Amino acid sequence: MSVKSSPEATARQVLAALQQRYPHPRTHLDAQNAWELLVATVLAAQCTDARVNTVTPELFRRWPTPAALAEAPIEELEGVIRPTGFFHSKAKNLLGAARRVRDVFDGQIPKSIEDLVTIPGVARKTANVVLFGAYGINEGLAVDTHVKRIAYRLGLTDETDPVPIERDLMKLFPREEWGDVNHRMVWFGREVCDARKPLCDVCEMRPFCPRREPPRAVKAAARRK
């Protein structure tokens, strides 16, 4: 039986549990620099990281820099990234991103969210991933589907949209932990706290987890019955 506690107290317990389970967290995406991480994160939308990792080696072999990709024929780029899904819009965004990085940022990936979100295909989540993964900068806390689900289940937020969820989590976790909290929650979401079949019986957070489901998930479950 779970014990009700404040979000602050729960956050401390969550952080301790995640740190113990994943002492050396890392991203699932393979990337050698900030540009590669940005591209891989854009491709990871609605796609598994594992599949993205099968596509990016060929992409970066053909077009290793923003300047090179900026001149790529869109049909050729679409052919390379097709396995990641939504390849028409992703190709358009990647070409736009490459041209903006080349023309506006002198080929360098900027180091602020304000600049990053001006790049096609880059919203706050991607910007946060790139800032922490490439530069070690904790300007925000990336909220993907795993973080969104786990934060609500654990009672760390009552919000269901990424931006307000991010604000809540930034208040609860120390700034120096923001990037690793994302990585750890992603691993935890994939290995333990699954969307449909969470492994509660083997979860170290069971004693304090209220096991809440977001409103949409509750409605969807009711329809399946």
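This passage looks at two helices and at the cysteines of a predicted model.

A good place to begin is helix H9, which spans residues 145-153. Seven of its nine residues are buried, so the helix is largely enclosed by the rest of the structure. The buried set consists of His146, Val147, Arg149, Ile150, Ala151, Tyr152 and Arg153. At the N-terminal end of H9, Asp144 serves as a cap, with one of its side-chain oxygens placed 3.1 Å from the backbone nitrogen of His146. Beyond the helix comes Gly155, and the phi of this glycine is positive, near 80°.

Attention now turns to helix H11, made up of residues 178-191, where Arg184 is found. Arg184 has a relative accessibility of 6% and therefore counts as buried, the cut-off being under 20%. Which residues does Arg184 contact, once its neighbours within four places in sequence are left aside? The partners of Arg184 are Leu18, Gln19, Tyr22, Pro23, Pro25 and Glu177.

The cysteines complete the picture. The structure contains zero disulfides. Cys193 takes part in none, and the nearest cysteine sulfur to it belongs to Cys209, 6.5 Å away. Cys200 is likewise in no disulfide, and for Cys200 too the nearest cysteine sulfur is that of Cys209, at 6.5 Å. A pair of cysteine sulfurs would have to lie within 2.5 Å to count as a disulfide. As for exposure, Cys193 counts as buried because its relative accessibility is 11%, whereas Cys200, with a relative accessible area of 23%, is partly exposed.

Note on methods
Residues numbered from 1 in each chain as written. Predicted model: local features only at pLDDT ≥ 70, side-chain atom pairs only at ≥ 80, totals over all residues. Heavy atoms only, no water. Buried < 20%, exposed > 50% of the residue type's maximum accessible area, 1.4 Å probe, protein only. Helix = DSSP H or I, 4+ residues; strand = E, 2+ residues; numbered from the N terminus. Polar contact = N/O pair within 3.5 Å; in protein donor to acceptor, adjacent residues only side chain to side chain. Contact = heavy atoms within 4.5 Å.
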